[in-house]
Amino acid sequence: MGADEVSGAGTEGVRTAGYTVRRYPVAPGVRLNVRSGPGTQYRVVRVLPYGASVPVNCQTAGQWVTGPYGTSNIWDNIADGQFVSDAYVLTGSDGYVAVRCS
C-alpha cells in the first residue's frame with residue numbers, strides 16, 4: 001500500500017522516504033471533501049468515502065474550519081496537492097501531529 005492511498009478505518013503506518021506516515025480515521029458518517037489547497041476556497045479534487053482513513057504526510061496552516069473534532073486552521077496533506085481539514089480527522093491532538101509542509 002502506497003502513502004498516497006486511502007483505506008478503511010484504523011491507523012497504520014506507511015514507510016515513506018525514510019520516515020513512517022501514520023494513517024488516521026476520518027470522522028464517522030462523513031464523506032470528506034479533499035481540496036487542492038488548505039481552505040474551502042480551493043477546488044474539490046475528490047471526495048473520501050464513509051469510513052476512510054488518511055495518511056498525514058505533513059500539515060500546514062490554512063482556513064479555520066469547524067468540524068466534528070473542533071475548530072482548527074490545520075490542514076492535513078494526504079497526497080500531492082490534496083488537503084483535508086484536520087477538524088474532520090481523528091488525530092488525537094488539537095495541534096500538529098506531523099511535520100509542517102514546506
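What pLDDT does the protein average, and what share of the residues score at least 70? The model is predicted, and the protein averages a pLDDT of 87, with 81% of the residues scoring at least 70. Over residues 1-12, however, the pLDDT is below 50, although this stretch has 45 contacts in the model beyond near neighbours in sequence. Where pLDDT is low, the predicted coordinates should not be read in detail, and that caution applies to residues 1-12, with their pLDDT below 50.

Taken as a whole, the protein contains eight strands and zero helices, so that from the N terminus on its elements read β-β-β-β-β-β-β-β. Of its 102 residues, 41% are buried, and the accessible surface comes to about 5,200 Å², 49% of which belongs to carbon and sulfur atoms. Among the contacts between residues at least 6 apart in sequence, 45% join residues that are at least 24 apart.

A good place to enter the structure is the pair formed by β7 and β8. Strand β7 covers residues 70-79 and runs antiparallel to β8, to which four bridges join it. The two strands form a hairpin with two residues between them, and in the turn G81 has a positive phi of about 70°. A79 stands opposite Q82 in β8. In a regular strand the side chains alternate between the two faces of the sheet. In β8, which spans residues 82-85, Q82 and V84 point one way while F83 and S85 point the other way, and all of these residues are buried.

Within β7 itself lies N77, which counts as buried because its relative accessibility of 9% is under the 20% cut-off. The side chain of N77 reaches the backbone oxygen of A79 at 2.9 Å. Setting aside neighbours within four places in sequence, N77 is in contact with Q82 and F83, and also with P55, V56, N57, C58 and C101. One of these partners, N57, sits in the loop between β5 (53-55) and β6 and is likewise buried, with a relative accessible area of 12%. A polar atom of the N57 side chain lies 3.4 Å from the backbone oxygen of I78.

Two other partners of N77, C58 and C101, lead to the disulfide. The structure holds one disulfide, formed by C58 and C101 with their sulfur atoms 2.0 Å apart. Because C58 lies in strand β6 and C101 in the segment after β8, the pair ties together parts that are 43 residues apart in sequence. The torsion about the S-S bond of C58 and C101 is about 95°, and the disulfide is therefore right-handed. As for exposure, C58 counts as buried at 12% relative accessibility, whereas C101 is partly exposed, with a relative accessible area of 21%.

Further along β6, which spans residues 58-67, is A61. Is A61 buried or partly exposed? With a relative accessible area of 43%, A61 is partly exposed, because this value falls between the 20% and 50% cut-offs. Not counting residues up to four places away in sequence, A61 touches P38, N73 and Y96. A61 and S72 are eleven residues apart in sequence, and their C-alpha atoms are 8.9 Å apart in space.

Terms used: Residues numbered from 1 in each chain as written. Predicted model: local features only at pLDDT ≥ 70, side-chain atom pairs only at ≥ 80, totals over all residues. Heavy atoms only, no water. pLDDT = per-residue confidence, 0-100. Contact = heavy atoms within 4.5 Å. Buried < 20%, exposed > 50% of the residue type's maximum accessible area, 1.4 Å probe, protein only. Pairing = 2+ DSSP bridges. Polar contact = N/O pair within 3.5 Å; in protein donor to acceptor, adjacent residues only side chain to side chain. Areas by Shrake-Rupley, 256 points an atom, 1.4 Å probe, with all protein chains shown as cover. Disulfide = S-S within 2.5 Å.
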